[in-house]
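I opened a fresh notebook page for this one. Here is what I looked up, in the order I went.

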Amino acid sequence: MSTDSTPEPMRKAPRWAIWLPLALFFAFVVLVSVQLRNPADTNVASTLIGKPMPAFDLPPALPGRPGLSSAAITDGKPHLVNIFASWCVPCGVEAPQLAALARSGVPIEGISVRDRTEDLQVFLKTNGDPYQSIGADDDGKVQLALGSSGVPETYVIDGKGVIRYQHIGEIREDQVPMILGKLQEAAQ
Amino acid sequence: MRALLAVCLAMLGLWAVAPALAQEEQSTAPYAYRQLDDPAKEQKAEALMETLRCLQCQGQSIADSDAPIAGSMRSLVRERIAAGDDPEAIRAWLVERYGDYVSYAPRVTALTWPLFAVPLALLALAALLLRGRFRRGGQA
């Protein structure tokens, strides 16, 4: 070790510094593997929660059935507004859960996005029809107005027309009590 | 390690399956695939569409994306521009619903100001250090 023999122009780095690049590398590996195990939630949530639902008036998606307007569901009771489509596979998956919610007396309104009447009829025949009314959002404008970025999504709207909760993706069996809880909160 | 591999494989699998699931109707919105007749307005709309994120295929702008929801968003932008709306008002309308993530044009907010301030601070620091160096060099 030649420490003080010659005056060096640069100060020497401490000995542990040699491990620094390796440590940084391992820190990076740990970060990457943690992120791989817990992939980030890439859903874009609506930022309208707690705000009044935008006004809309959709024509009926099925002949002889009511369409859906924001005014119609502002009736003092909480409603579920389910955004769905016949071409959406998870929408079929959540159908039994919606049926269970409808059986327990929850008013469920549908907004069918970019759909065709014939396809919708087949979908409802296969999966059951829990909806009080279905509005046809053929150009997707109301979906955008609600801040929804996909199907299925389910909104809890309270009696004053305020959006209380947005459920992104299908409602799974074990999530039904949670949805009922959100409806109860909205009723207070 | 095995779990990691499983995650990678699962992601690959999803990636392969996703196009098969997307049997979605193309957007029936009037201006999803139709340009505005007025070229000046179309240009305005185009400029805005290139800075809005597709909500489904999140790496793409709505101008680039073929996802049906991007078609709906393009039509919304074009219809509003045609009606004389300001592009920034349309952006604000979308940000109000989806948050800043929907816009590719960064804003200075309480959360993002360091992104703008740090480069400036680093430049100032560099200038300060360099000044010190040059002074010493001049004296020697």
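**One residue to begin**

I started with Val93(A), which counts as partly exposed because it has 16 C-beta neighbours inside 10 Å. For that label, 20 or more other C-beta atoms within 10 Å would make a residue buried and 12 or fewer exposed, with partly exposed in between; C-beta atoms are placed from the backbone. Before going on, I noted that this is a predicted model, where local features need pLDDT of at least 70 and side-chain atom pairs count only at pLDDT 80 or more, while totals for chains, interfaces and linings use all residues. Residues are numbered from 1 along each chain as its sequence is written, and chains are lettered from A and ligands numbered from 1 in the order in which they are written.

Val93(A) sits in helix H2 (residues 89-93) of chain A. Helices (H or I, at least four residues) and strands (E, at least two) are DSSP runs, numbered from the N terminus. I also looked up Arg15(A): 78 residues separate Val93(A) from Arg15(A) in sequence, and their C-alpha atoms are 60 Å apart.

**Chain A as a whole**

I found six helices and seven strands in chain A. Their order along the sequence is α-β-β-β-α-α-β-α-β-α-β-β-α. The C-alpha trace of chain A spans about 100 × 35 × 30 Å along its principal axes. Of its 188 residues, 36% count as buried.

**Where the chains meet**

I then checked chain B: 24 of its residues are in contact with 22 residues of chain A. Contact means C-beta atoms, placed from the backbone, within 7 Å. On the side of chain B that touches chain A, H3(B) gives the most, with six residues.

Terms used. Two residues are in contact if their C-beta atoms, placed from the backbone, lie within 7 Å.
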